[in-house]
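Biologist: Got a minute to walk me through this one? I'd like to start with the charged pairs.

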Amino acid sequence: MNKTILTLVAVVLLFNCSTAQKVTPVEAPKVVSTIDKSDIKASMIKALEWQEAHPIFAISPTDWTAGAYYVGVARAHKSTNDMIYMAALKNQGYWNNWQTYKRLHHADDVAISYSYIYIDMKGGRRNFVDLEPTKKFLDAHLYDDDNWKAGTDKSNMGKTILWWWCDALFMAPPVLNLYAKHTKQPKYLDEMHKFYMETYNQLYDKEERLFARDMRFVWQGNDKDTKEPNGKKVFWSRGNGWVFAGLALILDDMPTDYEHRPFYENLYKEMADKILEIQPEDGLWRTSLLCPESYDHGEVSGSGFHTFALAWGINNGLLDKKHTPAVKKAWKALKACQHEDGRVGWVQNIGAFPEPASADSWQNFGTGAFLMAGSEVLNLD
């Protein structure tokens with residue numbers, strides 16, 4: 001392909017994704033009544049193949065960025081049973097020697113273990129996976145003392161509980177929940193619930209039905225409260241996507257008769273109602289949920305997590321099927337952000353609050369969100 005054609009392809013891709021994110025209600029993507037499942041599967045495989053060929057991580061192949069990506073790969077395998085996903089899962093687990101990352105008190109550093117547990121459950125090879133490093137992490141994480149549990153950190157971020165930032169509710173709870181299920185040890189689920197409630201009580205805004213990223217964004221009723229330019233509270237799309245998608249993962253594996261399951265179902269429904277209520281006309285959520293005009297373009301990682309969670313709710317009876325068109329619209333807009341080579345663009349880079357993205361900004365966790373979304377959209381009627 002010559003340089004001129006390559007340039008034209010790039011322009012078309014950028015135009016398509018940009019128009020999928022800055023459209024008037026009249027121009028909003030039309031939602032087809034049926035889903036082309038073969039097209040979704042092809043888009044997912046292209047995303048996987050591109051990401052596997054272009055590995056990226058923040059600090060380690062076992063860090064949270066890789067953890068979130070391989071959650072997406074695991075969910076893709078669960079929906080399709082395509083061995084290309086299991087191959088990717090097994091390869092990374094083997095070369096990681098089944099290790100977590102090193103900060104045993106930090107929820108981010110066990111996210112990778114979701115993929116290890118999944119492989120052990122679905123990979124078909126007894127004793128292939130070594131879950132001892134995961135057990136060591138979880139036991140230390142839950143039961144050892146640390147500065148956060150002790151409440152000795154006096155920073156304004158609220159580091160006085162184990163999971164003091166909302167992202168943590170994606171990183172550790174689904175792992176604990178899946179580990180409890182796989183090993184038949186409900187004590188891990190009970191500990192998960194205890195620490196989850198601490199985060200919920202500290203960061204969940206019951207009026208807005210959204211989570212603050214950390215205590216810097218929880219209003220105290222004084223002039224120091226952090227506000228968006230429009231005067232509203234700051235609610236980060238990906239931050240809430242972490243929580244919302246994490247809820248779907250938790251509910252997917254939590255026992256139906258677990259005594260605290262109604263809490264998670266109710267929280268899921270509250271967040272789902274809010275996320276649907278504020279969905280932009282073009283289908284993609286902005287990085288700032290209550291001040292979308294700050295960066296008036298869609299963003300893929302938060303939107304991918306929202307799409308996954310909403311589709312999961314419809315597929316599992318927690319959300320009315322009348323919302324299916326909204327989910328299909330979101331998927332169509334997500335797909336418009338995928339480049340021809342499979343790369344998923346419009347991903348906000350690593351951060352902790354709303355910031356812009358671009359057609360050329362990508363991260364492995366954005367690909368993970370894309371795969372998660374596709375994995376549940378595939379199952380919609």
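Modeller: Sure. Asp 214 pairs with Arg 213 in a salt bridge, and their closest N and O atoms are 3.0 Å apart. Bear in mind that this is a predicted model.

Biologist: Are Asp 214 and Arg 213 buried or exposed?

Modeller: Both Asp 214 and Arg 213 are buried.

Biologist: How far apart are the closest N and O atoms of Lys 329 and Glu 281?

Modeller: They sit 4.0 Å apart, and the pair forms a salt bridge. Lys 329 is in helix H14 (residues 324-335), while Glu 281 is in the loop between helix H12 (261-277) and helix H13 (300-315). So the bridge ties together parts that are 48 residues apart in sequence.

Biologist: And how accessible is each partner, Lys 329 and Glu 281?

Modeller: Lys 329 has a relative accessible area of 14%, so it is buried. Glu 281 comes to 39%, which counts as partly exposed.

Biologist: Which residues are joined into one network by salt bridges that share partners?

Modeller: Arg 75, Lys 78, Asp 252 and Glu 376. Within that group, Asp 252 bridges to Arg 75, with the closest N and O atoms 2.9 Å apart.

Biologist: Which parts does the Asp 252 and Arg 75 pair tie together?

Modeller: Asp 252 belongs to helix H11 (residues 237-253) and Arg 75 to helix H3 (residues 64-80), so the link joins parts 177 residues apart in sequence. Arg 75 has a relative accessible area of 3%, so it is buried.

Biologist: How many salt bridges does a search of the whole structure find?

Modeller: The search finds 23.

Biologist: Switching to greasy stuff. How many residues are in the largest nonpolar core?

Modeller: It has 120 residues. Trp 163, Phe 170, Tyr 196, Phe 211 and Tyr 268 have the most contacts inside that core. As a general point, nonpolar side chains tend to be buried together in soluble globular proteins.

Biologist: Take Phe 170. What is it in contact with, leaving aside neighbours within four places in sequence?

Modeller: Its partners are Ala 68, Val 71, Trp 242, Ala 245, Gly 246, Leu 249, Phe 305 and Met 372.

Biologist: Now cysteines. How many disulfides are there?

Modeller: The count is zero. Cys 166 is in no disulfide, and the nearest cysteine sulfur to it, that of Cys 291, is 18 Å away. Going the other way, Cys 291 is in no disulfide either, and its nearest cysteine sulfur is that of Cys 166.

Biologist: How accessible are Cys 166 and Cys 291?

Modeller: Cys 166 has 1% relative accessibility, so it counts as buried. Cys 291 also has 1% and counts as buried.

Biologist: Zoom out for me. What does the secondary structure of the chain come to?

Modeller: There are 15 helices and two strands.

Biologist: And what radius of gyration does the chain have?

Modeller: The chain has 20 Å. A compact globule of 381 residues would be near 21 Å, so the two agree. The C-alpha trace spans about 60 × 55 × 40 Å along its principal axes.

Biologist: What share of the 381 residues is buried?

Modeller: Buried residues make up 58%. The chain exposes about 16,000 Å², and carbon and sulfur atoms supply 51% of that area.

Biologist: Last one. Of the contacts with a separation of 6 or more, what share comes from residues 24 or more positions apart?

Modeller: Those account for 72%.

Technical notes
Residues numbered from 1 in each chain as written. Predicted model: local features only at pLDDT ≥ 70, side-chain atom pairs only at ≥ 80, totals over all residues. Heavy atoms only, no water. Salt bridge = Lys/Arg side-chain N within 4 Å of Asp/Glu carboxyl O. Helix = DSSP H or I, 4+ residues; strand = E, 2+ residues; numbered from the N terminus. Buried < 20%, exposed > 50% of the residue type's maximum accessible area, 1.4 Å probe, protein only. Core = buried A, V, L, I, M, F, W, Y, C linked by side-chain atoms within 4.5 Å. Contact = heavy atoms within 4.5 Å. Disulfide = S-S within 2.5 Å. Rg over C-alpha atoms; globule rule 2.2 N^0.38 Å. Areas by Shrake-Rupley, 256 points an atom, 1.4 Å probe, with all protein chains shown as cover.
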